[in-house]
Amino acid sequence: MNLRVPGPTPCSPEVLAAVGRQMINHRSPEMGEIVQRITENLQSFLATERDFLLVTTSGSGGLEAAVVNTLSAGDRVLGVDAGAFGKRFCSIAETYGADLIRLELEWGQAVQPEQIRQALREEPEIRAVLLTHNETSTGVTHPLEKICNTIRAESDALILVDAVSSLGALPLPVDAWGIDLVVTGSQKAWGTPPGLAMMGVGARAWEAHQRSTLPRFYFDLARYRDAARKGFPFTPAVSVFYGLDTALALMVEEGPDAVYARHARIGSRVREGIQSLGLSLFADPRFASNTVTAVNVPEDLDGKELARVLREDYDTVIGAGQAHFAGRIFRIGHMGWVSEDDVNQALAALERALSDLRRR
Ligand SMILES: *Cc1c(COP(=O)(O)O)cnc(C)c1O
């Protein structure tokens with residue numbers, strides 16, 4: 001099956017073999033070595049020395065952890081809502097009582113540094129900014145470097161970044177861009193099964209942790225920071241640790257620059273292939289994502305039918321549109337363990353499915 005949803009992404013045979021290994025005691029030197037190797041490989045791949053904590057949860061759990069570890073009820077927070085995941089990050093902060101100022105954008109658009117500057121000038125008390133690096137629901141990569149530079153020039157607000165569908169596939173120098181806390185998930189660009197959120201916590205986020213008064217127990221990041229010394233706070237997803245350990249070793253071997261270049265090449269290949277089929281791209285082309293492509297469903301076709309024919313007749317699974325874009329767009333995932341062949345096959349399947357549907 002050609003699984004082309006934007007997560008969970010396919011896993012390499014090496015990763016699949018690793019996750020099938022027997023359990024070990026999660027409080028053992030052996031597990032300690034796995035955690036240490038994962039942490040060091042994450043830090044080396046991302047060229048940072050900041051803490052990377054491994055929390056057994058999905059990407060959304062990681063976003064909740066980012067909120068409860070740095071904010072307090074009543075904190076004024078600026079959130080960018082440019083799609084389903086930006087909206088989710090905003091909702092989490094609101095659920096915990098943040099005084100949220102929502103910068104809402106039309107789906108398919110990228111937030112501009114100028115809009116952030118204006119919002120920060122209007123509200124000088126903003127304590128944190130919630131950003132999505134790559135909005136998976138629309139296939140947009142926001143211009144994060146410029147946005148972060150703008151925030152740093154205007155305020156001391158904490159920068160919390162959802163990089164669930166970008167870290168590991170798109171260049172993201174977390175320290176140079178001044179990102180205080182970054183969240184990613186095992187099942188996206190890391191080519192590993194779902195189950196782990198990886199949280200890169202910078203010094204300013206740890207300071208915020210000390211001041212923050214939101215309730216937290218399972219997601220208290222201090223427990224995970226101390227895990228190296230005290231052992232795991234809770235039973236971790238041991239098999240997913242095996243998988244991530246293997247996937248990261250392969251990524252480090254390929255090298256970050258090669259991984260990023262592969263994603264850039266495959267991203268352009270998908271956009272070019274889609275357009276040569278006469279289909280149109282949904283996202284603002286200046287901000288098109290190299291990990292997921294959103295495509296407008298042509299007027300004469302039914303998006304659900306297209307997905308069904310692809311699945312049943314061509315063994316190819318695509319992502320549906322989310323929220324009010326259900327049936328109006330479809331999405332092709334191309335992150336993690338993905339090759340040019342994989343996307344070429346998906347494009348060929350799409351070409352045949354389109355012609356089948358139009359012949360009926
Ligand atoms: C997938 C995704 C999430 C949510 O992750 P879950 O693992 O489904 O909870 C959050 N943000 C972005 C940008 C994503 O792509």
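## Strands 5 and 8

Strand 5 (residues 128-132) and strand 8 (residues 158-162) run parallel and are joined by five bridges. At one of these positions, Thr 132 stands opposite Asp 162 in strand 8. The model described here is a predicted one. Strands of a sheet pair through backbone hydrogen bonds, and the pairing may be parallel or antiparallel.

## The seven-stranded sheet

Strands 5 and 8 belong to an open sheet of seven strands, ordered 2-10-9-8-5-3-4, in which the pairing is mixed. Strand 2 (51-56) and strand 4 (99-104) are the edge strands, and each of them pairs on one side only. From one strand to the next, the twist averages 20 degrees.

Helix 4 (residues 84-95) packs on this sheet and touches strand 3 (76-81), strand 4, strand 5 and strand 8. The direction of helix 4 makes about 165 degrees with that of strand 4. Helix 5 (residues 113-122) lies across strand 3, strand 4 and strand 5, and runs at about 155 degrees to strand 3.

## Two nonpolar cores

Which residues touch the most other members of the largest nonpolar core? They are Ile 116, Leu 131, Ile 179 and Trp 190, in a core of 50 residues. Helix 10 (residues 238-254) gives the most to this core, with seven residues.

Leu 131 can be followed in detail. Leaving aside neighbours within four places in sequence, its contacts include Val 80, Phe 89, Ile 116, Leu 144 and Ile 147. Leu 131 also contacts Ile 151, Ile 159, Leu 160, Val 161 and Asp 162. Another core lies apart from the largest one; it has 32 residues, among them Val 67, Ala 128, Leu 130 and Val 164.

## Helix 7 and its two sides

In helix 7 (residues 203-211), the buried residues are Ala 205, Trp 206, Ala 208 and His 209. These residues are on the same side of helix 7 because they cover an arc of only 160 degrees around the axis. The face turned away from this buried side carries the exposed residues Ala 203, Gln 210 and Arg 211.

What do the buried residues of helix 7 pack against? Their partners among the strands are strand 2, strand 8, strand 9 (181-185) and strand 10 (196-201). They also pack against helix 3 (59-70) and helix 8 (221-225).

## Helix 10

Helix 10 has 17 residues, which should span 24 Å at 1.5 Å a residue. Its end C-alpha atoms are 25 Å apart, which agrees with that expectation. The buried residues of helix 10 include Val 238, Phe 241, Leu 244, Leu 248 and Met 251. The buried residues of this helix pack against helix 1 (13-19), helix 2 (29-45), strand 2, strand 10 and helix 11 (256-276).

Is Glu 253, a residue of helix 10, buried or exposed? Glu 253 has a relative accessible area of 69%, so it counts as exposed, the cut-off being over 50%. The C-alpha atoms of Glu 253 and Phe 45 are separated by 9.6 Å, although these residues are 208 residues apart along the chain. Just after helix 10, Gly 255 takes a positive phi of about 95 degrees.

## Thr 39 in helix 2

Thr 39 is found in helix 2. Its relative accessibility is 18%, which is under the 20% cut-off, so Thr 39 counts as buried. Not counting residues up to four places away in sequence, Thr 39 touches Phe 52 and Leu 54.

## The four-stranded sheet

A further open sheet has four strands in the order 1-12-13-11, again with mixed pairing. Strand 1 and strand 11 (292-296) stand at the edges with a single partner strand each, so one side of each is left without a neighbour in the sheet. The twist in this sheet averages 30 degrees from one strand to the next.

Strand 12 (residues 316-320) is largely enclosed by the rest of the structure because four of its five residues are buried. Three bridges join strand 12 to strand 1 (residues 2-4), and these two strands run parallel. Here Leu 3 stands opposite Val 317. Strand 12 is joined to strand 13 (residues 329-333) by two bridges, and that pair runs antiparallel. Gly 319 has Arg 331 as its bridge partner in strand 13, and Ala 320 stands opposite Phe 330.

Helix 12 (residues 303-314) packs on this sheet and touches strand 12 and strand 13. The direction of helix 12 makes about 160 degrees with that of strand 12.

Methods. Residues numbered from 1 in each chain as written. Predicted model: local features only at pLDDT ≥ 70, side-chain atom pairs only at ≥ 80, totals over all residues. Heavy atoms only, no water. Pairing = 2+ DSSP bridges. Axes fitted to C-alpha atoms, helices over the stretch in contact; angles between N-to-C directions. Contact = heavy atoms within 4.5 Å. Buried < 20%, exposed > 50% of the residue type's maximum accessible area, 1.4 Å probe, protein only. Arc of directions from axis to C-beta. Core = buried A, V, L, I, M, F, W, Y, C linked by side-chain atoms within 4.5 Å. Expected span 1.5 Å × (residues − 1).
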